[in-house]
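Biologist: I am new to this one and would love a friendly tour. Could you show it to me, and then let me ask how you know what you say?

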Amino acid sequence: MSATPPLSDNSRYEQACDQAIAMCDGNLRSTIKALIMANEYLEIELEELQAAIAAGCVPAKRASSNAA
């Protein structure tokens, strides 16, 4: 079985744009609105994580998968 070669960054972004537009039925305004909303959601998540870290609520470290 042969692996497909990784896409270049440009090709990956083009493909992601095509997928986003297709998910919004070709409506570019809806696509932009959805991306803005997703970005705002991620910004809020980041702020919440930064606040948790500042308050000392750091998640426990994962156990190493290499442990015997």
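Modeller: Gladly! In this predicted model, the chain exposes about 6600 Å², and carbon and sulfur atoms supply 59% of that area. Buried residues make up 4% of the 68 residues.

Biologist: What makes a residue count as buried?

Modeller: A relative accessible area under 20% makes a residue buried, while over 50% makes it exposed, and partly exposed is in between.

Biologist: What does the secondary structure of the chain come to?

Modeller: There are two helices and zero strands. H1 covers residues 9-23, and H2 covers residues 28-54.

Biologist: How do you know that the span of H1 agrees with its number of residues?

Modeller: The expected span is 1.5 Å times one less than the number of residues. For the 15 residues of H1 that gives 21 Å, and the end C-alpha atoms are 21 Å apart, so the two agree.

Biologist: Why is the contact of Asp-9 and Arg-12 called a salt bridge?

Modeller: The cut-off is 4 Å between a side-chain nitrogen of Lys or Arg and a carboxyl oxygen of Asp or Glu. Asp-9 and Arg-12 meet at 3.1 Å, N to O, so the pair qualifies. Both residues lie in helix H1, three residues apart, about one turn of the helix. A search of the whole structure finds one salt bridge.

Biologist: Why are Asp-9 and Arg-12 called partly exposed?

Modeller: Asp-9 has 47% relative accessibility and Arg-12 has 40%. Both values are in between 20% and 50%, so both residues count as partly exposed.

Biologist: What is notable about phi of Asp-25?

Modeller: Asp-25 is a residue other than glycine, yet its phi is positive, near 55°. Most residues other than glycine have a negative phi. Asp-25 follows H1 and is found in the loop between H1 and H2.

Biologist: Is Asp-25 buried or exposed, and how do you know?

Modeller: Its relative accessibility is 75%. Exposed means over 50%, so Asp-25 counts as exposed.

Biologist: What about Leu-35 in helix H2: why is it called exposed?

Modeller: Leu-35 has a relative accessible area of 51%, and the cut-off is over 50%, so the label exposed applies. The C-alpha atoms of Leu-35 and Ala-20 are separated by 8.4 Å, and the two residues are 15 apart along the chain.

Biologist: Which residues gather in the patch of negative charge on the surface?

Modeller: Glu-40, Glu-43, Glu-45, Glu-47 and Glu-48 do. Take Glu-43, in helix H2: at 43% relative accessibility it is over the 30% that a patch needs, and that value also makes Glu-43 partly exposed, because it is in between 20% and 50%.

Methods
Residues numbered from 1 in each chain as written. Predicted model: local features only at pLDDT ≥ 70, side-chain atom pairs only at ≥ 80, totals over all residues. Heavy atoms only, no water. Patch = residues over 30% accessible without salt bridge, like charges linked within 9 Å, V, L, I, M, F, W, Y side chains within 5 Å. Areas by Shrake-Rupley, 256 points an atom, 1.4 Å probe, with all protein chains shown as cover. Lys, Arg positive; Asp, Glu negative; His and termini not counted. Charge placed at Lys NZ, Arg CZ, Asp CG, Glu CD. Helix = DSSP H or I, 4+ residues; strand = E, 2+ residues; numbered from the N terminus. Buried < 20%, exposed > 50% of the residue type's maximum accessible area, 1.4 Å probe, protein only.
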